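Work through the following exercises with the sequence and the model side by side. Each task is followed by a solution that proceeds in steps.

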Amino acid sequence: MINFPSNTNPTGSDELEAAIDWMVEKSRAEKLDNVHTEDVKAPHWVRNTENASMTLPRLQKLDMMGLGSSVATPPEGITAEVLVVKNFDDLKKQKAKVPGKIVVFNPPWESYCVTKRYRYDSASEAAKLGAVAALVMSMTPFSLSTPHTGQQDYTVEDNLKIPVACITVEDARHDGAHAAKRWGQKIEVKLVMNAQNFPNVTTRNTVVEVLGGHTPNETVLVSGHLDSWDVGQGAMDDGGGVMISWAALVVMRKLGLTPRRTVRAVFWTGKNRGSTEELYALPAMEYYNRHRDEHEQFQLIMESDSGTFTPQGISFTGTPEATCIMQEVLKLLQRINTTQVKTPVKGVPDIISWQQMGVPLGGLLNDNSHYFWYHHTHGDTLTVQDPDILDRCLALWTSVAYVIADISERLHRG
Ligand SMILES: [Zn+2]
């Protein structure tokens with residue numbers, strides 16, 4: 001079989017390292033300052049081939065995707081009766097039925113923040129009660145039979161780890177629940193996963209700057225993550241965030257603008273592969289741990305990792321005084337209708353640790369109500385990005401970074 005180069009950049013892949021090299025090369029070509037990378041460690045998981053089918057009460061292929069860090073099934077797969085549960089309470093109520101079963105988790109969708117714990121914890125919770133595998137409803141409010149991958153976490157010993165995959169909302173809701181409840185029929189599923197977990201790899205955060213002309217030691221940081229899941233193209237999560245952060249500096253350089261303070265862009269890596277257990281080993285955390293003593297140099301830290309749809313303004317966490325300055329700055333953007341300042345900051349997983357050091361934080365506020373339609377799917381491709389809208393996101397991002405880097409006043413710190 002010929003291995004074609006992939007469109008995606010998961011950590012541990014040659015494609016991600018090539019993407020980092022490409023960003024470095026392009027940044028040098030654009031004459032940005034202090035172009036460099038910082039080595040970090042990140043987990044390395046490879047999906048390989050996988051499939052699932054319902055074998056009883058009728059034969060039906062299930063669209064599925066293994067979840068990051070899942071162990072494999074034996075080569076012949078796991079075939080077992082299914083137990084459908086609504087939530088963790090329901091799992092406990094039915095615990096006598098769990099041993100030997102494949103448990104299907106079919107929780108109600110509340111929000112990504114709330115519901116994603118089923119993606120993270122289902123395998124471990126089911127394994128503790130004797131399940132042989134777990135299948136979890138995809139984390140999305142809207143589905144066209146689309147499986148959504150993502151990270152999961154084991155909180156059990158190695159010998160108790162069971163394979164876990166996501167299935168579509170349609171399959172989690174209907175095939176499971178209906179067949180079992182209406183007809184009392186036994187449901188059986190065959191799951192085959194050949195995923196592999198490798199030792200942590202060394203990869204790189206990428207750092208580029210436009211040096212400040214007056215107080216270069218003070219910094220406004222903009223960021224997005226350069227790695228992606230191994231499905232689709234990662235164009236939305238987080239190609240858009242990386243590109244507006246990179247292009248903000250390129251626009252400043254091309255316009256010959258030198259702000260008072262330095263504007264730094266950081267392209268995180270390995271963010272999608274972390275587990276909560278390993279949180280403190282994540283590349284963005286490594287950056288924080290390595291640089292937190294420099295926290296007083298940061299005027300503002302921003303991240304875009306919640307889509308680059310129609311921009312609306314900035315989500316922000318800072319003191320009332322800093323919020324007031326932010327509101328004044330955003331008033332400059334009436335012509336592109338992106339004047340909102342909404343508190344607190346949202347959707348900034350790679351920079352949130354800086355909050356405890358009192359650094360003001362900003363996120364790209366955008367009309368991202370469809371974000372989770374595409375998130376971690378084969379549908380996350382360039383077709384999701386509208387070039388005109390992306391330009392407006394860039395205009396907003398660049399203006400805020402430049403003006404906050406250039407104003408005479410320091411943003412107040414918490
Ligand atoms: Zn992301």
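**Exercise 1. The two domains**

Task: Determine how many residues of domain 1 are in contact with how many residues of domain 2, and state how far apart the C-alpha centres of the domains lie.

Solution. In this predicted model, contacts between the domains involve 16 residues of domain 1 and 22 residues of domain 2. To place these residues, note that the chain is divided into domain 1, which comprises 14–45 + 198–406, and domain 2, which comprises 48–194. The distance between the C-alpha centres of the two domains is 34 Å.

**Exercise 2. The sheet that contains strand 7**

Task: Give the strand order of the open sheet with edge strands 3 and 4, and describe the helix that packs on this sheet.

Solution. The order of the eight strands is 3-2-9-5-6-7-8-4, and their pairing is mixed. Strand 3 (60–62) and strand 4 (64–66) are the edge strands, each of them pairing on one side only. From one strand to the next, the twist averages 30°. Helix 4 (residues 117–128) packs on the sheet, where it touches strand 6 (102–105), strand 7 and strand 8, and its direction makes about 155° with that of strand 7. Turning to a single pair, strand 7 (residues 133–137) runs parallel to strand 8 (residues 164–167), with four bridges between them, and Met137 has Ile167 of strand 8 as its bridge partner.

**Exercise 3. The sheet that contains strand 14**

Task: Explain why one side of strand 1 and one side of strand 15 are left without a neighbour in the sheet, and identify the helices that lie against the strands.

Solution. This open sheet also has mixed pairing, and its eight strands follow the order 1-10-12-11-13-16-14-15. Strand 1 (33–46) and strand 15 (340–342) stand at the edges with a single partner strand each, so one side of each has no neighbour in the sheet. The twist averages 25° from one strand to the next. Helix 1 (residues 14–29) packs on the sheet, touching strand 1, strand 10 (196–210) and strand 12 (261–268), and its direction makes about 10° with that of strand 10. Helix 10 (residues 387–406) lies across strand 11 (215–225), strand 12, strand 13 (298–303), strand 14 and strand 16, running at about 40° to strand 14. Within the sheet, strand 14 (residues 311–317) and strand 16 (residues 361–366) are joined by six bridges in the antiparallel sense, and the partner of Ser315 in strand 16 is Gly363.

**Exercise 4. Backbone geometry**

Task: Locate the cis peptide bond that joins Leu56 and Pro57, the one that joins Asp237 and Asp238, and the positive phi of Ser69.

Solution. As background, most peptide bonds are trans, and most residues other than glycine have a negative phi. The bond between Leu56 and Pro57 is cis, with omega about 5°, and Pro57 is placed in the loop between strand 2 (50–56) and strand 3. The bond between Asp237 and Asp238 is likewise cis, with omega about 10°, and Asp238 is found in helix 6 (residues 235–254). Phi of Ser69 is near 85°, and this residue belongs to the loop between strand 4 and strand 5 (78–85).

**Exercise 5. A cavity**

Task: Which residues line the second largest cavity?

Solution. There are two cavities of 30 Å³ or more, and the second largest holds about 40 Å³ of space. Its lining is formed by Trp229, Val231, Gly234, Asp237, His376, Thr377 and Asp380, which divide into two nonpolar, three polar and two charged residues. Asp237, which belongs to this lining, is also a partner in the cis peptide bond with Asp238.

Terms used: Residues are numbered from 1 along each chain as its sequence is written. This is a predicted model: local features need pLDDT of at least 70, side-chain atom pairs count only at pLDDT 80 or more; totals for chains, interfaces and linings use all residues. Side-chain values use heavy atoms; hydrogens and water are left out. Two strands pair if DSSP finds at least two bridges between them. Helices (H or I, at least four residues) and strands (E, at least two) are DSSP runs, numbered from the N terminus. Axes are lines fitted to C-alpha atoms, for helices over the stretch in contact, and angles run from 0 to 180 degrees between N-to-C directions. Contact means heavy atoms within 4.5 Å. On a 1 Å grid over the protein atoms alone, a cavity is a set of points where a 1.4 Å probe fits but cannot get out, and a pocket is an open set with protein on both sides within 12 Å along at least five of seven lines; lining residues have an atom within 4 Å of a point. Grid points are joined across faces, edges and corners, and a volume is the space filled by probe spheres set on the points. Ala, Val, Leu, Ile, Met, Phe, Trp, Tyr, Cys and Pro count as nonpolar, Asp, Glu, Lys and Arg as charged, and the others, Gly among them, as polar. Domain bounds come from an automatic or database domain assignment.
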